[in-house]
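The following note is offered to a colleague who is beginning to read protein structures. Please keep the model in view while going through the numbered points.

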Amino acid sequence: MTLTPDQAIDAANEVFGRHPGYRALHAKGTLCTGTFTATPAGARLTRAAHMQGKPVKVTARVSNGGGNPDVPDYLPDVRGLAVKCYLPDGSRTDIVAQSAPRFPARTPEAFVELMHASHPSPSMPLKLTRFLARNPVAIRGLPANTLALLPPASYAVIRYYAVHAYRWIDSDGVSRYVRYTLVPHVSERPPSPLQARSRGRDYLQDDIRDRLSRGPVRFKLELQLAEVGDAVDDPTSVWPKSRQVVIAGTLELTGLETERETGGDVLVFDPVRVTDGIELSDDPILRFRERAYSASVARRAPPAG
């Protein structure tokens, strides 16, 4: 049976609880302001307006992956970095990335099954075993993804992977598929679980606020370029390390965003929101996300008065 967007949101609510006004996933996070500035190498790969070299304003959000806004930051979780670029013509385009480098499922149905299987309960080991038996591709990503769940020193020191491929088209109409990684300019050794717990329930939120009060937090936008034969429609696929890598720009977070998501404002970061010069692959997870986000937004939005 085909999964509907409402069923997917229901599944997230069943796992993490229902929290009116919050996202079904990535419910706890901090909004930031900043800029994105493309490099000449990035501009050569696409005619997209935000990639032409002039700084563009961004709104970004760092977050924990689960759907419970009250979860302590020190618990194991995927972390996220979502970026909304404001283009010169008034339109917008988004990047949505996560700390787990491998997406564990090829279909929305399999991802929902994994959410249920990973929810802590006495039956979790059995459910995970059944999921892996039906989805052996997920096993290959377990080592890297498990490490990504450990509490980090800061949102500012994590590598974030936008696991889907996008088709970039340059000014001459030449196209190639790419995957994005947001690479931090600084690195720090992660704390032990005990050290992370000692920093408090909201230590990641407090840390990013403190860092921004002292100066910008920067990430490089790194592109891996696909070659013929690489799977561009499968978010679980791994492209060879020999593929060309291009530094396409710098994301600079400069402060806290205090005006959005107040008074009923609903802010959405959607990986399907692209602009001229960037096109979607036929990845079924990517294509499903737009409809799932719409269903989630309908539940977050305040009722009409």
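1. The note begins with a hairpin. In this predicted model, strands E5 and E6 form a hairpin, with five residues lying between them. The turn includes Gly 173, whose phi is positive, at about 85°.

2. The two arms of this hairpin may be examined next. Strand E5 covers residues 160–169, and eight bridges join E5 to E6. The two strands run antiparallel. One pair can be located by eye: Tyr 166 has Val 178 in E6 as its bridge partner.

3. Is strand E6 largely enclosed or largely open? Seven of the 10 residues of E6 are buried, so this strand is largely enclosed by the rest of the structure. For this count, a residue is buried when its relative accessible area is under 20%.

4. Strand E6, residues 175–184, is also joined to strand E7, here by seven bridges. E6 and E7 run antiparallel. Within this pairing, Leu 182 has Leu 221 of E7 as its bridge partner.

5. Strand E7 spans residues 217–225 and is mostly covered, with seven of its nine residues buried. A general point assists in reading such a strand: in a regular strand, side chains alternate between the two faces of the sheet.

6. Which strand pairs with E7 over eight bridges? The partner is strand E8, residues 245–256, and the pairing is in the antiparallel sense. Phe 219 stands opposite Leu 251 in E8. The pairings described may therefore be followed in order: E5 with E6, E6 with E7, and E7 with E8.

7. The wider setting should now be considered. The protein contains nine helices and nine strands. Among contacts between residues at least 6 apart in sequence, 73% join residues at least 24 apart.

8. How does the overall size agree with that of a compact globule, and what values are involved? For 305 residues, a compact globule would have a radius of gyration near 19 Å, and the protein has 19 Å, which agrees. The C-alpha trace spans about 55 × 50 × 45 Å along its principal axes.

9. The final point concerns burial, surface and charge. Of the 305 residues, 50% count as buried. The protein exposes about 14,700 Å², and carbon and sulfur atoms supply 54% of that area. There are 39 positive and 33 negative charges, and the mean positions of the two sets are 4 Å apart.

Definitions and conventions: Residues are numbered from 1 along each chain as its sequence is written. This is a predicted model: local features need pLDDT of at least 70, side-chain atom pairs count only at pLDDT 80 or more; totals for chains, interfaces and linings use all residues. Side-chain values use heavy atoms; hydrogens and water are left out. Helices (H or I, at least four residues) and strands (E, at least two) are DSSP runs, numbered from the N terminus. The radius of gyration is taken over C-alpha atoms; the globule rule is 2.2 Å times the number of residues to the power 0.38. Buried means under 20% relative accessible area, exposed over 50%, partly exposed in between (1.4 Å probe, protein chains only). Contact means heavy atoms within 4.5 Å. Accessible areas come from the Shrake-Rupley method with a 1.4 Å probe; for residues, only the protein chains shown count as cover. Lys and Arg count as positive and Asp and Glu as negative; His and the chain ends are not counted. The place of a charge is taken as NZ of Lys, CZ of Arg, CG of Asp or CD of Glu. Two strands pair if DSSP finds at least two bridges between them.
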